[in-house]
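Work through the exercises below with the model open. Each task is followed by a solution in steps.

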Amino acid sequence: MSSVDNTLTGTIIAAHGRHYLADADGEKLQCVTRGKKTNVAVGDVVHLKRTSNDQAVIEKIADRTTLLYRSDQYKSKLLAANISRLFIVVATEPSFADDLVSRSLVAAEAAGIEAHIILNKVDVEEPLARARERVGLYASLGYPVHELSARARPEHAVETLMPLLAGQSSIFIGQSGMGKSSLINLLVPDADIAVREISEALDTGKHTTTFTRLYWLPGGASIIDSPGFQEFGLYHLTEGMLERAFVEFKPYLGGCKYYNCRHLAEPQCAVLGAVADGKIAKMRHALYGQLLHESSQTLY
């Protein structure tokens with residue numbers, strides 16, 4: 001085999017620990033990185049060196065257009081690379097966490113990724129009005145909200161989402177219980193089979209779903225499905241990144257008395273004035289304060 005033949009380009013379609021699966025023109029290869037570095041994300045385009053029929057080493061990661069990740073005080077966790085749209089799945093029941101939704105939106109803004117919200121299970125009538133009211137806050141900030149019911153109206157769900165996914169690299173995130181898996185299974189009819197194949201290829205055991213994975217859609221679009229999580233740390237965002245990632249702050253930035261205003265307790269702060277006037281939701285401003293506190297705790 002010549003050196004030309006064993007060098008290829010692929011897309012990372014699944015990750016579990018330090019084990020990766022790459023798709024190189026339809027061929028799936030188990031991959032590892034050189035050394036202990038694990039800075040590879042699902043969605044990454046990688047240059048590979050084949051080491052056997054179905055195995056390769058990741059030599060290089062191509063430049064990314066976007067990178068979505070979360071972080072705590074000690075480390076960061078890459079969620080996906082090269083994505084253009086983020087879909088946050090919430091539901092009428094069980095109740096969803098506003099904190100997680102807002103953190104996801106902030107992460108998307110900071111990464112330059114367009115964010116959408118899916119309100120699932122709208123066939124469950126009793127909690128619907130309250131759920132609509134809660135997602136209405138995000139709609140008022142300019143984030144599109146799409147109402148669906150994966151179970152009761154599957155055809156409508158597919159008709160709504162497919163045009164939004166066309167030509168895009170999308171990621172679906174959400175807490176467990178929101179129906180994210182049901183939506184993925186509607187959009188990717190052979191998702192279950194793909195998960196089994198990926199589990200076997202990554203040697204993670206037959207039925208695990210604790211890995212992030214990418215599915216191709218017709219026409220070259222892709223969906224990345226990430227495991228449900230309850231925490232979305234954003235310790236990596238600086239003060240400047242945070243104030244710009246809250247879209248409702250934008251009209252007021254630069255209007256404060258002090259140029260280095262942190263918008264927490266300073267006199268004549270335009271952002272605090274907008275909070276007092278009801279133009280910025282108190283809940284969102286409180287989260288901003290919490291994220292500022294977190295970013296000052298970073299140890300890595």
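Buried means under 20% relative accessible area, exposed over 50%, and partly exposed in between (1.4 Å probe, protein chains only). This is a predicted model: local features need pLDDT of at least 70, side-chain atom pairs count only at pLDDT 80 or more, and totals for chains, interfaces and linings use all residues. Residues are numbered from 1 along each chain as its sequence is written, and side-chain values use heavy atoms, with hydrogens and water left out.

**Exercise 1. Salt bridges between distant parts of the chain**

Find the salt-bridge partners of Glu59 and Asp44, and place each pair in the chain.

Step 1. Apply the criterion: a side-chain nitrogen of Lys or Arg within 4 Å of a carboxyl oxygen of Asp or Glu. The structure holds 14 such bridges.

Step 2. Take Glu59. Its partner is Arg34, with the closest N and O atoms 2.5 Å apart. Glu59 sits in strand S5 (residues 55-61), while Arg34 is in the loop between strand S3 (27-33) and strand S4 (45-52). The two are 25 residues apart. Helices (H or I, at least four residues) and strands (E, at least two) are DSSP runs, numbered from the N terminus. Glu59 has a relative accessible area of 40%, so it is partly exposed.

Step 3. Take Asp44. It pairs with Arg64, and the closest N and O atoms are 2.7 Å apart. Asp44 is in the loop between S3 and S4; Arg64 is in the loop between S5 and strand S6 (67-71), 20 residues apart. Asp44 is buried at 0% relative accessibility. Arg64 is partly exposed at 30%.

**Exercise 2. A bridge within a helix**

Which residue does Asp99 bridge at 2.9 Å, and how far apart are the two along the helix?

Step 1. The partner is Arg103.

Step 2. Both belong to helix H1 (residues 98-111). They are four residues apart, so about one helical turn separates them.

Step 3. Compare accessibility. Asp99 is partly exposed at 40%, whereas Arg103 is buried at 7%.

Step 4. Extend the search. Asp99, Arg103 and Glu294 are linked in a network of salt bridges.

**Exercise 3. Backbone outliers**

Locate the cis peptide bond and the positive phi values at Asp25 and Gln268.

Step 1. Check omega. The cis bond joins Glu93 and Pro94, with omega about -5°. Pro94 lies in the loop between strand S8 (85-91) and H1.

Step 2. Check phi at Asp25. It is positive, about 55°, although the residue is not a glycine. Asp25 lies in the loop between strand S2 (19-24) and S3. Asp25 is exposed, at 83% relative accessible area.

Step 3. Check phi at Gln268. The value is near 55°, again positive in a residue other than glycine. Gln268 is in the loop between helix H6 (239-245) and helix H7 (270-276). At 57% relative accessibility, Gln268 counts as exposed.

**Exercise 4. The nonpolar core**

How many residues are in the largest nonpolar core, and what does Leu161 contact?

Step 1. Build the core from buried Ala, Val, Leu, Ile, Met, Phe, Trp, Tyr and Cys residues joined through side-chain atoms within 4.5 Å. The largest has 92 residues.

Step 2. Find those with the most contacts inside it: Leu48, Leu86, Leu161, Ile171 and Phe172.

Step 3. List the contacts (heavy atoms within 4.5 Å). Leaving aside neighbours within four places in sequence, Leu161 touches Phe87, Ile118, Leu148, Phe172, Leu183 and Leu187.
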